[in-house]
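Colleague: I would like to take a close look at one part of this model, and I would be glad if you could walk me through it slowly.

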Number of protein chains: 2
Amino acid sequence: MANIKPFQREKILDTALILFTKNGYFNTSVQDIRRAGEVSIGSIYHYFDSKERIAAQLYYDLLADMEQAMERIMSESSGAQERCRKVVAHLFQQAEENPKTLQFILQGRLSDFLPDEKPICSSRPFELMRQMVEEGVRTGEVREIDRIVGAAAVFGGVLRMIQLHLDGVLPKALQEYEEECWRCAWSAIAA
Amino acid sequence: MANIKPFQREKILDTALILFTKNGYFNTSVQDIRRAGEVSIGSIYHYFDSKERIAAQLYYDLLADMEQAMERIMSESSGAQERCRKVVAHLFQQAEENPKTLQFILQGRLSDFLPDEKPICSSRPFELMRQMVEEGVRTGEVREIDRIVGAAAVFGGVLRMIQLHLDGVLPKALQEYEEECWRCAWSAIAA
DNA sequence: AGGATCAAAACGAACATTCATTCTAAATGG
DNA sequence: CCATTTAGAATGAATGTTCGTTTTGATCCT
């Protein structure tokens, strides 16, 4: 049976994600979500305790997706270079397909409206990225460097390029930068 | 003579910077600034048209400082490697000495409360960083890469490490990562 | 089958609170 | 004494949330 039930719930989340990323959490009122999502205030508060919980749910969902993607990369490939390459490919792909999602995760100041959350860099998917680097150091693929520095070095430039893309300041399509971006990233830590 | 006049003004700006970076712009009320800065509402609105203008002033000041620093590096040194190295050193130093300042500039979502500002990456200091890379490509110090990719690659990891430091998630002191961080950064674009 | 029953879901007006800003008046100092 | 600065109560708009009501749709009973 097609569940019609969580339909409204999904609509609330989808609408909130769009508005939060477009205008920011604090510039989005619950009334805005009601209007744009064509749902009622009552429905919103039926499914969510508060505006903050909407944001929290989005955060959990998106983080879970990211974690799953990282786990998949970990299991489906081996070796630091192959794995890191796939992470970069995944990030570029997400930036095109689900820009809102990535924007919501990457934009800083999450703690402004989710004060109880740990910094996103402490989360599992980012920890997995650090593991990839660490393993590369052990196998000799990667230079002898701190895992945190390594992860920042290999993914920092990539994330920054994606940030630029999301800010709409790149003159060319994001994809056109991928290969070059990857070569720089890997050079940063390659043995 | 000691100007007592802009004393209050400075106090307002200093207090606002602290509160904005600690709690975020939207979680800081004008009353909070009044209380923490021991100034009156009247004074605040005497010196600034609005809360937003306080943030804008902070942004201009801090961006001007950064621009000046970049100009100085441009004039006092030559060659991409030396210049980039000095930029990295400056950023690390600022992160220690004026963490609030850097945090205010680096944290995304500035456009949430300064909607009329261009993205910070379009600003002069960041443009200068791209110039350093571009020049390096011309002289052969840097590989043949897009200037934007290059700038993101060389400074992306550094900025990410500083971000981590400001988020308080680094296990060691920031300085201890500087040398390693720089080696990774330069490797990313070195010819 | 078809009315009765009931819980889940949807609704939106009303409420209390918070906030940025305005305004009037007092203090200051040259 | 006048201009500048400080003060803080007052204001009105906007916001997140509550709550009583209505609608829906499945299940049960006769």
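Which helix gives the largest share of the surface near DNA strand C, and how many residues come from that helix?

Modeller: Please keep in mind that this is a predicted model. The largest share of the surface near DNA strand C comes from H3(A), which supplies 5 residues. Helix H3 (41–47) of chain A does not stand alone there, since helix H2 (30–37) and helix H3 (41–47) of chain B also supply at least two residues each. Altogether 17 residues lie around DNA strand C, and those that come nearest are Ser40(A), Ile41(A), Gly42(A), Ser29(B) and Ser50(B). Sorted by class, this surface near DNA strand C holds 9 polar residues, 6 nonpolar residues and 2 charged residues.

It helps to set the surface near DNA strand D beside this one. DNA strand D is surrounded by 16 residues, with Ser29(A), Ser50(A), Ser40(B), Gly42(B) and His46(B) as the closest. Two or more residues of that surface come from each of helix H2 (30–37) and H3 of chain A, and likewise from helix H1 (5–23) and H3 of chain B. Here H3(B) gives the most, with 4 residues, and the classes near DNA strand D are 5 nonpolar, 9 polar and 2 charged. To return to your question, H3(A) is the helix to look at for DNA strand C, whereas for DNA strand D the helix that gives the most is H3(B).

Note on methods
Residues are numbered from 1 along each chain as its sequence is written. Chains are lettered from A and ligands numbered from 1 in the order in which they are written. This is a predicted model: local features need pLDDT of at least 70, side-chain atom pairs count only at pLDDT 80 or more; totals for chains, interfaces and linings use all residues. A residue is near a molecule or strand if its C-beta atom, placed from the backbone, lies within 6 Å of it. Ala, Val, Leu, Ile, Met, Phe, Trp, Tyr, Cys and Pro count as nonpolar, Asp, Glu, Lys and Arg as charged, and the others, Gly among them, as polar.
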